[in-house]
Amino acid sequence: MSGIGYDLKKIRALVFDVDGVLSPSTIPMNNLGEPERMVNIKDGYALQLAAKTGYKIAIITGGKGEAIRHRYEALGVHDIFMGAGKKITVLQQWLESNKLLAEEVMYMGDDIPDIECMRLVGLPCAPCDACAEARISAKYISRFMGGYGCARDVIEQIMKARGDWMKDSNAFGW
């Protein structure tokens, strides 16, 4: 049984921010001043399983770097939008191009640039360490912090509600 107060059977698409959601909000920098993000393996497992199961998945981030693209493409995510200065514009175009209704979409964000997207979708979510404004905009706040399993938390609940979690042999491999 899910702790999310939304009909999860409606969700066909998952959208995530990176910094503060798929990676912790504190990011080490290398000697060139480039961020070196950490990732959560359980988040990665859930993302690749959702991709293999047929969920539409997008990454919309203000961050840049081929490490982002490489990580999420390797997990089966192909709609990766980096350097997104105005995330709502990217999300609206993505919804239209994928013929998705807002009520069919979960968006997980953690900060001010995510709030417009959170207000648009049916299921806005946030990690527990999101800023106050993002938490207020969320219908579900994960008990996990950004980069520490919040994506797995929401993906697993959605997939279980839809009967997609561990439903076939896809669940037992990468």
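## Briefing: a tour that starts at Thr-61

Leaving out neighbours within four places in sequence, Thr-61 is in contact with Asp-17, Val-18, Ile-68, Phe-81, Met-82, Gly-83, Ala-84 and Lys-87. Please keep in mind as you look around that this is a predicted model. The protein chain holds 6 helices and 6 strands, and an open sheet of 6 strands with parallel pairing runs through the order E3-E2-E1-E4-E5-E6.

**Around Thr-61**

- You will find Thr-61 in the loop between E2 and helix H2 (66–74).
- Thr-61 has a relative accessible area of 1%, and because buried means under 20%, Thr-61 counts as buried.
- Its contact list includes Ile-68, and the span of helix H2 is 66–74.
- Phe-81 is also among the contacts of Thr-61, and strand E3 covers 79–81.

**The sheet and its edges**

- Reading from the N terminus, the elements of the protein chain follow the pattern β-α-β-α-β-α-β-α-β-α-β-α.
- In the sheet itself, the strands are ordered E3-E2-E1-E4-E5-E6.
- The edges belong to strand E3 (79–81) and strand E6 (140–141); each has a single partner strand, so one side of each has no neighbour in the sheet.
- Strand E2 (residues 56–60) runs parallel to E3, and 3 bridges join the two.
- If you would like a place to look at that pairing, Ala-58 stands opposite Asp-79 in E3.

**Tyr-140, at the other edge strand**

- Tyr-140 sits in strand E6, which is one of the two edge strands of the sheet.
- Is Tyr-140 buried or exposed? Tyr-140 is buried, with a relative accessible area of 10%.
- Not counting residues up to four places away in sequence, Tyr-140 touches Gly-3, Ile-4, Pro-124, Cys-125, Ala-126, Asp-153, Val-154 and Gln-157.
- Three of these can be set beside a helix: Asp-153, Val-154 and Gln-157 are touched by Tyr-140, and helix H6 spans 150–161.
- Tyr-140 and Val-105 are 35 residues apart along the chain, and their C-alpha atoms are separated by 13 Å.

**Two residues with positive phi**

- As background, most residues other than glycine have a negative phi.
- Lys-99 has a phi near 55 degrees, which is positive although the residue is not a glycine.
- The loop between helix H3 (87–97) and strand E4 (105–108) is where Lys-99 lies, and Lys-99 is exposed, with a relative accessible area of 71%.
- Met-166, also not a glycine, has a positive phi of about 55 degrees.
- Met-166 belongs to the segment after helix H6 (150–161), and Met-166 is partly exposed at a relative accessible area of 47%.

**The chain as a whole**

- How does the radius of gyration fit a compact globule? The protein chain has 15 Å, which agrees with the value near 16 Å that a compact globule of 174 residues would have.
- Taken along the principal axes, the C-alpha atoms fill a box of roughly 45 × 35 × 30 Å.
- Of the 174 residues in the protein chain, 49% are buried.
- Counting contacts between residues at least 6 apart in sequence, 57% join residues at least 24 apart.
- The accessible surface of the protein chain is about 8500 Å², and 52% of it belongs to carbon and sulfur atoms.
- There are 21 positive and 22 negative side chains, and the centres of the two sets lie 5 Å apart.

Conventions:
Residues are numbered from 1 along each chain as its sequence is written. This is a predicted model: local features need pLDDT of at least 70, side-chain atom pairs count only at pLDDT 80 or more; totals for chains, interfaces and linings use all residues. Side-chain values use heavy atoms; hydrogens and water are left out. Helices (H or I, at least four residues) and strands (E, at least two) are DSSP runs, numbered from the N terminus. The radius of gyration is taken over C-alpha atoms; the globule rule is 2.2 Å times the number of residues to the power 0.38. Buried means under 20% relative accessible area, exposed over 50%, partly exposed in between (1.4 Å probe, protein chains only). Contact means heavy atoms within 4.5 Å. Accessible areas come from the Shrake-Rupley method with a 1.4 Å probe; for residues, only the protein chains shown count as cover. Lys and Arg count as positive and Asp and Glu as negative; His and the chain ends are not counted. The place of a charge is taken as NZ of Lys, CZ of Arg, CG of Asp or CD of Glu. Two strands pair if DSSP finds at least two bridges between them.
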